[in-house]
Structures are given as structure tokens and as C-alpha cells.
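Me: Please take a close look at one part of this structure for me. I would like a connected account of how its pieces pack.

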Amino acid sequence: MGRSNELADQNKTMETEYRPILVVDDDVTIAMTIESFLIEEGYTVVVAHNGKEAMECAEESPPAVILLDMKMPVMDGWAFASTYRQQDGPHAPIIVMTAAHDSRQRASEIAADGFIPKPFDLDELLALINRYISER
Amino acid sequence: MDATEVQNKTEAAPGDQVNILMVDDQLAKLLSYEAILADVGANLIKATSAREALEHLLKTEIAIVLMDVSMPEMDGFELAEMIRQHPRYQKTAIIFVSAVHLTELDRLKGYEVGAIDYIPVPVIPEILRAKVSVLADLYRKTRQLEELNHELERRVEERTAALEAAMAGEREARIAAEAATQARDEFLSVAAHELKTPLTGLRATAQIISRKLKKSDVEVPPWLSNGLRVVDEQSVRLARLIGQLLDVTRLDQCKLTLERPATNIAALADHLVTSFTARTTRHRIVLTAEREVLADVDPESIEQVLSNLLDNALKYSPDGGRICVQVGQIDDRHIFFAVRDHGIGIPPERRASIFERFYQAHADDHRSGLGLGLYISQQIVAQHDGEIIAEFPPDGGTRFVVRLPVHATSIARAAGRQP
């Protein structure tokens, strides 16, 4: 269901069409892996390695969905979520992806829209992303 | 040292000396009192004036003051009042020697009963001796009692201090133990996080390669696709083992925080069966469930229980076969779920121990994990006030049944749906 796939494109609204998926993870390998996977699947992806970078990215190009790691240097997931939500304008849904033991707990701490525990299945990640993109 | 010893010691001490102060402006009278009281066994001190008496009182501990009422300068009543005003002498007994007038006796009423007495003139030696002896004895006994009290107080203080020190030591030890436990938990939590992070990259990479190969026109050799599937499966398995390590330490301290919203166990099972079906080609997983089976549970924990049971079912039926998952209502207040496999089963002699921690019914089998899955499952079920049992059908395999109470929220929700 790549971007080049016209059928898939029809399911996405014009608004989300040009909005990237913001991937926030301090682990470079994970961030890169997710990025290349999502690009392959036809999405536009912006990568940030901490909350501060993510804030800048979100400002520059408002994302359709945010995939958020929690434990990060400089500005962690908790701080990012609260700062991001204090900003004006529409807020993209946040999906927490964490290697923490109680991922559900982490997600509820920042009132995230969804969560996926690491290590995740790419199909499940994709399904989760699409659920939030189509909801908008 | 017991009370008797204390008493003996007090009696033997020189401090046991009782001092009697005799005050009269006539020395002859003092000498006659001295003669009368010689064998009372007290130290007799003479004073010929109120002033001299006061001087003695300041220097010496006086048990009894025997005084003439009528003296020049300061009379007996004035002296008595001065003595009484001093806190040290509040317990000093005073005996007035006086030709009794009614008016004078009235003045005695102002004094504390028992600490004051009078002897009429002429003095009858036996009466004076008797009164002084009684008061001296009373003084001695009172002092002994006080000393005993002090000793007891001191010992109580000692014991209290010792006890407090012991308690403080215990408290410190407990704080240290708690700190150590917390440090261990934090370490395990961080370690689990750090171990899962590379697994995330590993699993995602294996899946990406697998996907790219499928999309390409290249014919993928089975060893490659199988190899990638193994990497994927083993990543999941390793992640689960890491999770179990954390679970078991938390269970040990009953730290597993259980939030219990009304949860549809049927939907939860459906989700898991789908995900497990994707993992196996040899097994056929069949779910039999009512549409909605509600119970107040911690969804993650119960999912973990069901996941552990499915994991075991897959693991211990290596030749494949049917795996039956059932979810249903027992009655208004109880639900159940069961997982049945048709695999190798559990040898009868090992059945009793399967829920024990670190127990591996198939220890010789490379598929065995840490021996924690059933232990953790049972602990979780117990924390939900439920029970888990293993059944061994005659036609082979194993069936695990979990019974759980429904609890208030789910009962209310189910009732709300009734027309």
C-alpha cells in the first residue's frame, strides 16, 4: 500500500497526504529502521532523536501521527507530550512506542492515543498508524 | 538487680541517716529531748533559735523538725511557714511543742495533714519518742521508695533507650533492604529496557528484509525465509523472557499493580488467537467464545496469562495439531477461559510441581524457558482472586483452565445491557 499505490492514496485525505509521520527515538538504529520501513510503505517521514528536536520538526512540518519513544536525552517523551500539547493548533495523535515493561502505563501517563510495546511487529505498527491517520 | 537488692543497698547506705532538728531557745529542753530521743536511731541536731535552725536546714537534709512554738525573734509558726515555703522541705515533718491553746491548735489546720503534729507540754517522753519514731520511719520508707522509684525509672529509661536503639537499628536495616530492593528493581527495569531496545532493531530489520524479499521477483530459498522467521520469533521470545524476569521480581513483592477495568475476555482471546495463528503453520487454533465475556481484570496481566498458556500449548505440541481456546461464563459471578493442546502432555510424576517457580516439566527439552510462565500466570490469577488448574485428558495433551470472579463493574455493565 505504497504512496504510489493510487488505491491507498484514496483512503488518505488531502490534509494528511502531505503530512509526515514524525518518528521520535534516540536509538539511531531504531529510528532509521522505522524511517526506511515507512518510506518503503509510501509515507513521508521526519525523524527526531529527542523531544526538543521533535518540537522543532512538529513546528516546521505538522505531522499526521507522532511515534514517540519515552526514554530520551535532552527532552524525554513525557516532557515532549506536555510541551507539544500546550502549543496552539491541531495536535497529531501520539503513539507511544516503548521498551518499558508497562507500556500501557507509560501511554496512560501522557494520555497517548495509542501504544505499541517494543520489539513490535511491523504489520501491527502499520495497522496502528493507519488507524489514527484514517480517524482524522 | 531486683527490687530486694535495691532495698538492701539503700538500707546499708550511709545516706539512710535520718536527721532530726530540735529547735528551742532553752538549751535544757533541747538536752532533755536529746535524752528522750537517744535510742530512736536518728542524728539529733540542736538549734537554739529559728535563725540557727534555718542555717542547719540549708546545710543538711532534715527529716523532722521538733520545735518550740514560742521563741523570741521568730516563733515556731513563722519558722514552720518558712520551712514549708521551701520546696526542698515540703515533705519535712514538723512537730510543735506547745502548751496547748485552742487558738494555736486552729493555726495547725492550715498545714498539710500527716506532715504536722504537736506535743502538749508537759512533754510525755513515750509519746514524743513514739511520734518521732513513726515519722522517722515514714521518712526512711518514703526515701527508700523514692530511691526505688528512681532506680526503676532509670532502668525503664535504660530499657527504653536500648529498645529504641534496637528499633532504630531495625529501621535502618529495613530502609537499607528497601533501598537495595529498589536499586535492584530499578536496575532490572533499566536492564530490561536496554535489552529490548536492540531487539526492536533486530526484529524490525528481519521483518523488513523478509518484506523486501517477498516484494522482489527473486525466488527466496526456504533457508532464508525460515532463517528470517526464526530471527523474528526468537526476538519475541527473548523479549518475553526479559519481561518475565521483571514480572517475577515484582510478583515477589506483590508490586504488580493491577488496574481492573471491565474487560471483554472474549475480544482479548480473539486478538491473541489471531496473533498466535500467524506464528504457526502446523497448529490449528480454534476459539470458542461467547461474543462478550466481561470481568474486572487488569487486561495486560490476563492477556499475559492467556499468552503464556498459548505459548506452552504451541511449544509442547511440536507435531502440531488442534489447540482449543474456550472463553465463557460459568455463572453470574464467574467466567473461565481454557487452553487445550493435543501435545506431549506432562508426565504424571511432574504434574504436582508445574506451578512452582523455576520448575520445568520438560527441563531436558531445549524449548523450555525459565520455568516462570505458569508460576507468573498462577500469581496473576491469584491476585485476581481466581484459580488456575491443569487437566490431563485421557486422549493426551494438557488443558489449562482459568476461573475468574467477574466483580462489580462488569456485573453492573452486563446488567445495564439487559432489557
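Reply: What follows centres on the nonpolar core of chain A, then turns to helices of chain B. The model is predicted.

Start with the layout of chain A. The chain has seven helices and five strands. Along the sequence, they run α-α-β-α-β-α-β-α-β-α-β-α. Of its 136 residues, 43% count as buried. Now take the contacts in chain A with a separation of 6 or more. Residues 24 or more positions apart account for 58% of them.

Next, the core itself. The largest nonpolar core holds 41 residues. Which of them touch the most other members? They are A:Leu22, A:Leu67, A:Leu68, A:Ile95 and A:Val96. Several elements of chain A give two or more residues to this core. The strands on that list are β1 (21-24), β2 (45-48), β3 (65-68) and β4 (94-98). The helices are α3 (28-40), α4 (51-60), α5 (77-86) and α7 (122-135). Helix α3(A) gives the most, with five residues.

Look closer at A:Leu68. Set aside its neighbours within four places in sequence. A:Leu68 is then in contact with A:Val24, and with A:Gly77, A:Phe80 and A:Ala81. It also contacts A:Ile94, A:Ile95, A:Val96 and A:Met97. Two of these partners, A:Ile95 and A:Val96, are named with A:Leu68 among the core residues that touch the most other members.

Now chain B. Two packed helices are described by the angle between their axes and the distance between the axes. Helix α3 (residues 50-59) of chain B and helix α4 (residues 76-85) of chain B have axes that come within 10 Å and cross at roughly 20°. An angle under 35 degrees counts as roughly parallel, so α3(B) is roughly parallel to α4(B). Their crossing is right-handed. From α3(B), the contact uses B:Ala50, B:Ala53, B:Leu54 and B:Leu57. From α4(B), it uses B:Glu78, B:Leu79, B:Met82 and B:Ile83. Seven of these contact residues are nonpolar, none is polar and one is charged.

One more helix of chain B deserves a look. Is α10 (residues 373-383) of chain B largely enclosed or left open? Nine of its 11 residues are buried, so α10(B) is largely enclosed by the rest of the structure. The buried set starts with B:Gly373, B:Leu374, B:Tyr375, B:Ile376 and B:Ser377. B:Gln378, B:Gln379, B:Ile380 and B:Val381 complete it. Just after α10(B), B:Asp385 takes a positive phi of about 60°.

Note on methods. Residues numbered from 1 in each chain as written. Chains lettered and ligands numbered in written order. Predicted model: local features only at pLDDT ≥ 70, side-chain atom pairs only at ≥ 80, totals over all residues. Helix = DSSP H or I, 4+ residues; strand = E, 2+ residues; numbered from the N terminus. Buried ≥ 20, exposed ≤ 12 C-beta atoms within 10 Å, placed from the backbone. Contact = placed C-beta atoms within 7 Å. Axes fitted to C-alpha atoms, helices over the stretch in contact; angles between N-to-C directions. Parallel < 35°, antiparallel > 145°, perpendicular 65-115°, else oblique. Left-handed = near helix turned anticlockwise from the far one by under 90°. Nonpolar A, V, L, I, M, F, W, Y, C, P; charged D, E, K, R; others polar. Core = buried A, V, L, I, M, F, W, Y, C linked by C-beta atoms within 7 Å.
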